[in-house]
Amino acid sequence: MYTEEEIKKAARDIVSAEKIVALTGAGISTESGIPDFRGTDGIWTKFDPDDFTYSKFIKNPANYWKMSLELGKLLLSVEPKPNPAHLALAKLEKLGKLRCIITQNVDGLHQLAGNTDVIEFHGNLRRVVCIVCGERFPYDLAIRKASDGELPPRCEKCNGILKPDAVLFEEPIPKYALDRSLEEARNCDLMIVIGTSAVVYPAAELPRIAKERDGYRMSLFGLYPADRVMTHKKGAKVIEINAEPTPLTGVVSDYLIEGKAGEILPKILREVERLLGL
Ligand code: OAD
């Protein structure tokens, strides 16, 4: 469990950093009543992730939609309400202490909390997209069509098949989201990684990119022991806030603040405000 000293340390790191980026995962929304994927009651304990692949969707879109509606009930049934962790990130942005959020979440809660620059790395489940013409519609439209027996639901414009606008396994990350996230990871001097198990790629690569930025090994000119290899520029600091250690812990992240994001982030925010004299 986290300590007050860790909270203070994170606040000091935030105050002294200039380009701060947050990377969030499902763990930041569990305190809003939305289950995560790999926790004890996680979504992948009730559904098989292998069923949520692009090839399965293309093979049988009607069947895919039946499963997706069930999954949608789990993810979207609760009235979306940002929790104190989302609200603390929105406040950090207002204080000029958060450039943007890269989120793997498809619930739209960061935007509802008030963050204005949210990169949706895995899309958004509250939208659907036509796989033929690319037009996007609200998820509710697809639900209405599906409950009227239209399976798979079809595009209003071209009659093409509609797909949930969340990224499926095997699907590429939307180009805009990937390009911007890579740029932000390369340029930040602090990345705060919140509520992700960091096992799904390429999202899990972003903290590594932030950390290793320009720090590539210059061993071309001779044989060096690993700790003597020259590096160019120091990479970003990486702080993890998570209920448990992840593959980043002790390898990529400088430190882990272990516990609930909805408790930890407001405490860090209060300490940041205190340090800034607010
Ligand atoms: P996971 O479910 O894999 O991981 C959530 C992490 O958050 C776990 O390490 C939990 O211990 C932690 N956690 C849970 N509640 C928390 C809390 N209140 N405070 C802090 N930490 C908490 O979710 P993701 O890493 O987001 O893909 O999963 C990545 C991707 O895998 C998702 O985006 C999804 C899934 O397949 C798509 O939707 C495309």
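Helices, which are runs of at least four residues, and strands, which are runs of at least two, are DSSP runs numbered from the N terminus, and in this scheme P202 is found in the loop between β7 (190–194) and α8 (205–212). The structure is a predicted model, and this briefing follows the ligand, the spaces inside the protein and a few features of the backbone. The space taken by the ligand is the largest pocket, and a search of the whole structure also finds two cavities of 30 Å³ or more.

**The ligand and its surroundings**

- There are 23 residues around the ligand, and those that come nearest are E31, F37, R38, T196 and S197.
- When the residues of this shell are sorted by class, eight are nonpolar, 10 are polar and five are charged.
- The backbone takes part in the contacts, since a backbone N or O atom of A26 lies 2.8 Å from an oxygen atom of the ligand, and a backbone N or O atom of G27 lies 3.5 Å from a nitrogen atom of the ligand.
- A side chain is involved as well, for an N or O atom in the side chain of H122 is 2.8 Å from an oxygen atom of the ligand.
- Taken alone, the ligand exposes 790 Å², and the protein buries 93% of that area.

**The largest pocket**

- The largest pocket, whose space is taken by the ligand, has a volume of about 940 Å³.
- Its lining is made up of 47 residues, and the ones that lie nearest the centre of the pocket are A26, D36, F37, R38 and N105.
- The elements that give two or more residues to this lining are α3 (61–76), β6 (162–166) and β8 (237–242), and among the elements α3 gives the most, with five residues.
- By class, the lining of the largest pocket holds 26 nonpolar, 14 polar and seven charged residues.

**The two cavities**

- The largest cavity contains about 110 Å³ of space, and the residues that line it include A26, F37 and N105, three residues that also lie nearest the centre of the largest pocket.
- Other residues in the lining of the largest cavity are S29, I34, P35, L75, L76, Q104, V106, D107 and L125, and by class the whole lining has eight nonpolar, three polar and one charged residues.
- The second largest cavity has a volume of about 40 Å³, and it is lined by A10, I14, L92, I192, I239, I241, L265 and I268.
- The elements that give two or more residues to the lining of the second largest cavity are α1 (4–16), β8 and α9 (261–275), and β8 is also one of the elements that give two or more residues to the lining of the largest pocket.
- In the lining of the second largest cavity eight residues are nonpolar, while no residue is polar and none is charged.

**Features of the backbone**

- The peptide bond from L151 to P152 is cis, with omega near -5 degrees, and P152 has its place in the loop between α6 (139–147) and β6.
- The loop between α6 and β6 also holds N159, a residue that has a positive phi of about 70 degrees although it is not a glycine.
- The peptide bond from Y201 to P202 is cis as well, with omega near 10 degrees, and P202 belongs to the loop between β7 and α8.

Conventions:
Residues numbered from 1 in each chain as written. Predicted model: local features only at pLDDT ≥ 70, side-chain atom pairs only at ≥ 80, totals over all residues. Heavy atoms only, no water. Near = heavy atom within 4 Å. Polar contact = N/O pair within 3.5 Å; in protein donor to acceptor, adjacent residues only side chain to side chain. Areas by Shrake-Rupley, 256 points an atom, 1.4 Å probe, with all protein chains shown as cover. 1 Å grid on protein atoms, 1.4 Å probe; cavity = no way out; pocket = protein on both sides within 12 Å on 5 of 7 lines; lining within 4 Å. Sits in = over half its atoms within 2 Å of the grid points. Nonpolar A, V, L, I, M, F, W, Y, C, P; charged D, E, K, R; others polar. Points joined across faces, edges and corners; volume = space filled by probe spheres on them.
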